[in-house]
Amino acid sequence: MPIYERSTKELMHDFAAQKLTLGQVFSRKDAVRWFADHYPKIKSNTVGMHVEGMSVNSLSRRHHPSVKPDAGYDLFFKLGPSEFRLWDPEKDPAPRYKADLEADSAGNIAETGDTAEEADLGSRKFAFERDLQNYLAQNLGLLEPRLKLYEDEDGVFNGIEFPAGQRRIDILAVGADDAYVVIETKVSRAYDRVVGQILRYMGWVKENLAGDAPVRGIIVASEISEDLILATSSIGNIQLVEYEISFSLKSISRQ
């Protein structure tokens, strides 16, 4: 539920009307400062998520089905990692939404020069990674009872590919104990180098989001290497999980 009588999305339009002119470049920090002055109860990360999600060309929109045409989310145009301006519908490309971006991502996996076989493998790997991520996000209780996907105060933007500085956390969740849970997914074998990656994400969440709340990590992979088990043996707040996929075939009678 919104903290104030109006949603963060609506307040973002106020920010744009008061502080921006067409063609003026701004950063997330500019929006965060304005909200801190006018609506201090809204978290800075929520502001950043709205700036990103309200940019018509942001790839993060593929994770947010609430961002739809004529819903008030088409406001900004993204120029770089932290540079934005107002969207100009007369000159800029049309807004992109969940279905558009998912189709584009699946169709553009292969880099120039890839063979047809490599392109097919890349496309299948992307689909597998996306499906694994989506499945876990919808079934977090399999990892931990009462674990739920992180959502901003308005319940619009969630913890799938959660922005953490210039990087993205695969899944950010919240435990029954109000701990923040960083989930790193690997479609194949996970090695010890993933430890540095998830610790970096956990540190970012602790510094920028969690405050006094605890932060835990979960690494999910098809196989956990012995090196990874050893590397995390003295780290009590990182859990290791292996997943398995199985299916069966049944012949259908046509009589």
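Start by selecting R146, which is exposed, at 68% relative accessibility. This is a predicted model, and R146 lies in the loop that runs between α5 (116-138) and β3 (148-149). Check the backbone here: R146 is not a glycine, yet its phi is positive, about 65°.

Next, select E161. This residue also has a positive phi, about 50°, without being a glycine. Where does E161 sit? Its place is in strand β4, residues 160-164.

Now go to N45, in helix α3 (residues 44-53). Is N45 buried or exposed? N45 has 11% relative accessibility, and because the cut-off for buried is under 20%, N45 counts as buried. To see what surrounds N45, show F162, P163, W204 and L209; N45 touches these four, leaving aside residues up to four places away in sequence.

From α3, move to helix α1, residues 8-19. Helix α1 has 12 residues, and the distance from its first C-alpha to its last is 16 Å, close to the 16 Å expected at 1.5 Å a residue. Colour the buried residues of α1: T8, K9, L11, M12, D14, F15 and A16. When reading that list against the helix, recall that an α-helix has 3.6 residues a turn, so residues three or four places apart point the same way. What do the buried residues of α1 pack against? Show α2 (28-38), α3, β1 (76-80) and β2 (83-86): these are the elements that the buried residues of α1 pack against. Helix α3 is thus a partner of α1 as well as the home of N45.

Then select residues 108-123, where pLDDT stays under 50. For this stretch the model has seven contacts beyond four places in sequence. Where pLDDT is low, the predicted coordinates should not be read in detail.

Finally, zoom out to the whole chain. The mean pLDDT is 87, and 89% of the residues reach 70 or more. With secondary structure displayed, the chain shows seven helices and eight strands. Switch to a surface view: the chain exposes about 14,500 Å², of which carbon and sulfur atoms supply 49%. How much of the chain is buried? Of its 255 residues, 44% count as buried. For contacts with a separation of 6 or more, residues 24 or more positions apart account for 58%.

Note on methods: Residues are numbered from 1 along each chain as its sequence is written. This is a predicted model: local features need pLDDT of at least 70, side-chain atom pairs count only at pLDDT 80 or more; totals for chains, interfaces and linings use all residues. Side-chain values use heavy atoms; hydrogens and water are left out. Helices (H or I, at least four residues) and strands (E, at least two) are DSSP runs, numbered from the N terminus. Buried means under 20% relative accessible area, exposed over 50%, partly exposed in between (1.4 Å probe, protein chains only). Contact means heavy atoms within 4.5 Å. pLDDT is the predictor's confidence in each residue, from 0 to 100. Accessible areas come from the Shrake-Rupley method with a 1.4 Å probe; for residues, only the protein chains shown count as cover. The expected span of a helix is 1.5 Å times one less than its number of residues.
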